[in-house]
Each structure stands twice: as C-alpha cells, then as structure tokens.
Amino acid sequence: MKQFGRVLILNGACLVGFSALWAQAPPGPLTPPPAPPGSEAAPPPPRRPEVPARKNILGAWRFNKDDSDNPRDRARQSQDSGSSRGGGYGGPRIGFPGGPMGGGGPYGGSRRPPQDDEASRLGDLMNPVRELQVIRRNENDPEVEMIDDREHRHIFYTDGRKIEKQKDPSLEEVAARWDENRLVTDEKAPHNGKLSRTFEISSDGHQLLETVHVTDSKGKNPITINYVYDAVEASSLSFPAH
C-alpha cells in the first residue's frame with residue numbers, strides 16, 4: 001500500500017512537471033490585432049501609360065519644374081557676378097527683374113507692362129509655358145511651329161528668310177537653323193543683347209530640352225537657363241492640339 005502511494009505521488013509530480021513545461025513552451029503563431037481605422041496603407045496611384053520614346057522634338061510636351069532651372073536663381077547669380085565686375089544682366093538695363101515677368105507660368109509672378117517686343121519676349125522666356133506642342137509638316141518643311149497654353153504661336157523659319165516686323169501679338173516669327181537634330185534660334189535681346197534658344201530631344205527620347213542663352217551686346221555677362229519638358233499625349237493638353 002505504501003508502495004502504491006509512492007507511485008501515485010510520483011505520477012502526480014510528473015503531471016505537475018509536464019504542466020509547467022507546457023506553460024513555458026513558446027506560443028504558436030498569433031493573429032495580429034486589427035489595424036486601427038484609417039491606418040491602412042493607401043494603394044499606389046495608377047501608373048499612366050508611358051509615352052513612346054521620340055526621335056525628334058515634335059509632339060506634345062509638359063513642363064517639368066523639378067528638372068528645370070529656376071530662372072530667378074539664374075538671374076540672381078548673373079546679377080551678383082555682374083555686380084562684382086561692374087556690370088551684368090540683373091539690373092534694370094536689360095530688363096531682367098531678378099525673376100519672371102510672364103504671368104500664369106510655373107514660377108508665378110505678374111506681368112509687367114512690356115517696354116517693347118524684345119522685353120516682352122524676354123519676360124516670357126524667364127517664365128516658361130506649362131504646355132506646348134511642336135509641329136512640322138514634313139522633314140523638308142523649313143517652318144517649325146510651336147503652340148503653347150498661353151495661346152501663342154511661334155513659327156521658326158530655317159531657310160534663312162528675313163523676318164518682317166510682326167503686328168500680331170499672338171504670333172512670333174523667329175529666325176532659326178538646324179544643327180543636326182537641334183533647333184537653334186538667333187534672336188535679339190533688349191539693349192542690343194543677343195538671345196538664342198536651343199531645342200533638342202533627350203537621349204532617352206522622353207524629354208524636350210530647351211536652353212535659353214543671353215549675353216550683352218559684346219557677348220559678355222552670359223545667362224544660361226535650362227528648361228525640361230516631358231513627353232505627353234496630345235490629347236492630354238489643356239488647349240486644342242493640332
């Protein structure tokens with residue numbers, strides 16, 4: 001009887017020991033608590049279909065502010081540099097206000113009353129358009145037309161013709177030339193300064209690169225501004241595409 005009691009005590013001790021071990025065993029996989037309302041990650045925005053790469057500057061384009069130079073900074077740098085040399089474009093002589101003159105563009109600002117056509121055009125260049133379309137009927141056509149969201153038309157003539165004085169404020173005719181696949185203009189800046197613009201396609205065919213270069217009448221005190229436009233479908237433009 002005493003031996004049987006010892007067996008019962010031993011078995012009871014074993015059961016207690018197994019219970020303790022079971023309680024200390026690592027738990028199995030647990031179901032995480034539900035996330036509080038509103039903390040769910042937002043789904044990624046739908047990707048727009050990628051526009052096919054282009055081989056030239058023709059097509060519809062939209063301004064890319066992040067990849068472009070800020071014209072205010074460029075004008076300010078020129079002003080500081082010119083002041084140290086006793087000249088420069090930042091002052092009132094050439095009409096650069098230290099910032100954009102055109103209204104409604106990516107950099108804001110209000111338009112100042114233009115002193116003349118050259119000053120007005122220079123102000124527009126300091127505040128680029130948001131959207132534009134470049135058109136050419138065929139590869140032998142000497143005319144390249146550019147239309148923008150400000151309802152302006154620019155016609156670049158690449159056949160060396162003389163440009164007559166323009167009367168229509170919504171139409172600008174510009175002397176230009178082709179340098180391989182780049183379109184380069186030859187224009188005038190205020191106070192006999194020199195102005196040129198270069199339009200070319202990026203290496204990947206998805207961006208239009210515009211370089212604005214201005215110097216004084218002696219070819220000094222240069223300002224260079226780089227603008228970048230992304231390729232878009234013509235149907236997405238805010239103005240009627242041609």
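Strand E1 (residues 59–63) runs antiparallel to strand E10, to which four bridges join it. In this predicted model, E10 spans residues 223–232 and is largely enclosed by the rest of the structure, because seven of its ten residues are buried. The protein chain as a whole has three helices and ten strands.

**Pairing around E10**
- Within the pairing of E1 and E10, Arg-62 stands opposite Asp-230.
- E10 also pairs with strand E9 (residues 207–215), in the antiparallel sense and over eight bridges.
- His-213 has Thr-224 of E10 as its bridge partner.

**Nonpolar cores**
- In soluble globular proteins, nonpolar side chains tend to be buried together.
- The largest nonpolar core holds 29 residues, and the members that touch the most others are Trp-61, Leu-132, Phe-156 and Tyr-229.
- At least two residues of this core come from each of E1, helix H3 (117–125), E2, strand E3 (143–148), strand E5 (171–179), strand E8 (193–201), E9 and E10.
- E10 provides the largest share of this core, with five residues.
- A second core, separate from the largest one, consists of five residues, among them Ala-60, Val-232, Leu-237 and Phe-239.
- Phe-156 of the largest core is in contact, leaving aside neighbours within four places in sequence, with residues including Pro-142, Val-144, Met-146, Val-174, Ala-176, Leu-183 and Phe-199.
- The contacts of Phe-156 also include Glu-143, Thr-185 and Arg-197.

**Environment of Gln-133**
- Gln-133 lies in strand E2 (residues 131–135).
- Gln-133 counts as buried because its relative accessibility is 6%, against a cut-off of under 20%.
- A polar contact of 3.0 Å links the side chain of Gln-133 to the backbone nitrogen of His-242.
- Not counting residues up to four places away in sequence, Gln-133 touches Gly-59, Ala-60, Glu-145, Met-146 and Ile-147, as well as Ala-234, Leu-237, Phe-239, Ala-241 and His-242.
- Among these neighbours of Gln-133 are Ala-60, Leu-237 and Phe-239, which belong to the second core.

**Whole-chain values**
- Along the sequence, the elements follow the pattern α-β-α-α-β-β-β-β-β-β-β-β-β.
- Of the 242 residues in the protein chain, 36% are buried.
- Of the contacts between residues at least 6 apart in sequence, 49% join residues at least 24 apart.
- The accessible surface of the protein chain is about 15600 Å², and carbon and sulfur atoms account for 54% of this area.

How values were computed:
Residues numbered from 1 in each chain as written. Predicted model: local features only at pLDDT ≥ 70, side-chain atom pairs only at ≥ 80, totals over all residues. Heavy atoms only, no water. Buried < 20%, exposed > 50% of the residue type's maximum accessible area, 1.4 Å probe, protein only. Pairing = 2+ DSSP bridges. Polar contact = N/O pair within 3.5 Å; in protein donor to acceptor, adjacent residues only side chain to side chain. Contact = heavy atoms within 4.5 Å. Areas by Shrake-Rupley, 256 points an atom, 1.4 Å probe, with all protein chains shown as cover. Core = buried A, V, L, I, M, F, W, Y, C linked by side-chain atoms within 4.5 Å.
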